[in-house]
Amino acid sequence: MTKFLFAVMLTASLPFAANLVTYTATSNVSQKDADKKALEGAAMQIGAKVDSKMETRVSEKADGSIEKTTDNKKSVSTNVLLKGAKIVPGPKQNGMFQSTVTVDLDQLASKILLDLNQIKVQMKSKDSLIRLDMLDRDYRKMEADMIQLEKLAGQYNDQLEALSFVQAVPKELQLETTMGELTEFLISSMQTVKLETEEKDGSLRVVVSDFAGPIANFPVALTQDGKNVAVAKTDAKGVVNFNLKKIKNLKPSGDVTVHANMNFKFVRQSALQNVNVTYGAKKTGVAYRLSCKGTAAECGALQKFLTDAGLTIADQAGLPELSVTLEFSDKDNSAKTLTTSRATVKFSSASKELVEQPQGVGRDAETAHVKAISKLSASKILEIFATGK
């Protein structure tokens with residue numbers, strides 16, 4: 001069994017070092033392990049100092065009754081020691097590594113106070129930038145700056161907690177921010193935002209406005225099947241145009257969700273409404289009788305894809321035959337939970353031919369095959385096979 005030897009070196013005997021914490025540890029594993037144990041020991045020493053200041057206090061009241069007051073004890077981690085901690089490796093004896101960690105609590109407190117002041121300056125600067133964003137109605141930058149301000153506030157509170165491990169925290173250091181005021185303004189403004197859409201000539205036009213009119217540089221996204229398929233910002237007139245042809249090429253018919261491409265927290269709080277747009281491919285007037293070599297699930301998925309793309313598939317005599325051969329190469333992941341399939345899809349009709357190699361991923365081979373078929377290029381198929389009977 002591995003054994004560790006710890007020794008506490010009391011700092012009271014050191015002149016001019018009344019606020020030092022020193023801990024020495026040894027390990028037969030490695031020098032790094034000895035350093036880690038020494039840091040943990042110093043952390044425990046600091047924790048003991050904090051606990052000693054927070055013991056139950058007993059006092060006698062004027063009426064003779066006894067009053068007991070107990071403060072909550074704090075825990076301390078080695079993260080607090082990372083600033084100003086001095087690690088001195090000791091001589092290796094009998095196969096044991098030695099390390100001594102010394103922490104000057106006054107020096108540590110001074111460094112934390114310096115960090116607190118620097119964070120406060122950054123927060124003040126960020127506050128001013130957000131107010132300028134508000135004047136410009138720049139929601140994109142307003143959101144980004146708000147997130148940064150929240151991170152700074154979190155860092156400030158973390159440093160304040162670290163300071164509380166080594167000294168009493170003065171009331172004037174308690175964080176007071178305008179985040180509530182700024183957030184309220186952002187949310188109330190976003191509650192007036194409207195997204196209006198119009199589909200025309202293969203383009204989806206989105207107009208974004210708020211209480212003061214069109215919004216420039218507003219981030220907008222189109223989402224399909226849980227993924228963003230297009231992102232853009234509005235122009236000076238609050239307008240952004242998305243090319244639906246590219247989306248139809250991936251999925252011939254379906255719907256997309258138009259939404260603000262902003263932090264979900266702000267969107268949810270403002271109840272900013274998304275817009276769902278349903279689209280479909282126009283029928284080409286060209287019809288085929290499908291001859292498919294594959295399983296029922298694969299051929300069914302292929303027929304649906306071709307129909308959604310605009311081709312008419314019918315089992316009628318006299319129609320030209322569209323012959324399709326489906327072949328797949330499958331590979332499971334190491335956990336056997338997902339299958340990646342690379343398809344080779346060969347189309348032919350009269351003298352026209354097309355070979356596509358889409359790829360799909362699914363929980364099993366059949367699902368992966370169907371997913372790969374859905375990744376075919378509708379535009380290529382229509383370009384070759386929708387030009388005439």
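Arginine 289 and glutamate 321 make a good place to start: the two form a salt bridge, with their closest N and O atoms 3.5 Å apart. This pair links distant parts of the chain, since arginine 289 sits in strand β15 (residues 287-293) and glutamate 321 in strand β17 (residues 321-332), 32 residues apart. Both ends of the bridge are partly exposed, arginine 289 at 29% relative accessibility and glutamate 321 at 35%. The model is a predicted one, and the salt bridges counted in it come to 13.

Another of these bridges runs between helices. Arginine 131 pairs with glutamate 181, and here the closest N and O atoms are 3.3 Å apart. Arginine 131 belongs to helix α2 (residues 105-136) and glutamate 181 to helix α4 (residues 179-190), so the bridge ties together parts of the chain that lie 50 residues apart in sequence. Once again the partners are partly exposed: arginine 131 has a relative accessibility of 31%, and glutamate 181 one of 46%.

Not every bridge reaches across the sequence like that. Lysine 36 and glutamate 40 form a salt bridge with closest N and O atoms 2.6 Å apart, and both residues are found in helix α1 (residues 31-52). They are 4 residues apart, so about one helical turn separates them. In an α-helix there are 3.6 residues to a turn, so residues three or four places apart point the same way. As for accessibility, lysine 36 is partly exposed, with a relative accessible area of 43%, and glutamate 40 is partly exposed too, at 29%.

What about the buried side of things? Helix α8 (residues 365-373) offers an example, with Ala368, His369, Ala372 and Ile373 buried. These four cover an arc of only 140° around the helix axis, so they end up on the same side of α8. What do the buried residues of α8 pack against? Their neighbours are α7 (296-309), β17, β18 (339-349) and β20 (359-362). Strand β17 thus turns up twice, because glutamate 321 of the opening salt bridge lies in it and the buried residues of α8 pack against it.

Helix α8 also has a cap. At its N-terminal end, aspartate 364 does the capping, with a side-chain oxygen 3.4 Å from the backbone nitrogen of glutamate 366.

Technical notes: Residues are numbered from 1 along each chain as its sequence is written. This is a predicted model: local features need pLDDT of at least 70, side-chain atom pairs count only at pLDDT 80 or more; totals for chains, interfaces and linings use all residues. Side-chain values use heavy atoms; hydrogens and water are left out. A salt bridge is a side-chain nitrogen of Lys or Arg within 4 Å of a carboxyl oxygen of Asp or Glu. Helices (H or I, at least four residues) and strands (E, at least two) are DSSP runs, numbered from the N terminus. Buried means under 20% relative accessible area, exposed over 50%, partly exposed in between (1.4 Å probe, protein chains only). The arc is that of the directions from the helix axis to the C-beta atoms. Contact means heavy atoms within 4.5 Å. A polar contact is a pair of N or O atoms within 3.5 Å; within protein, one must be able to donate a hydrogen and the other to accept it, and residues adjacent in sequence count only if both atoms are side-chain atoms.
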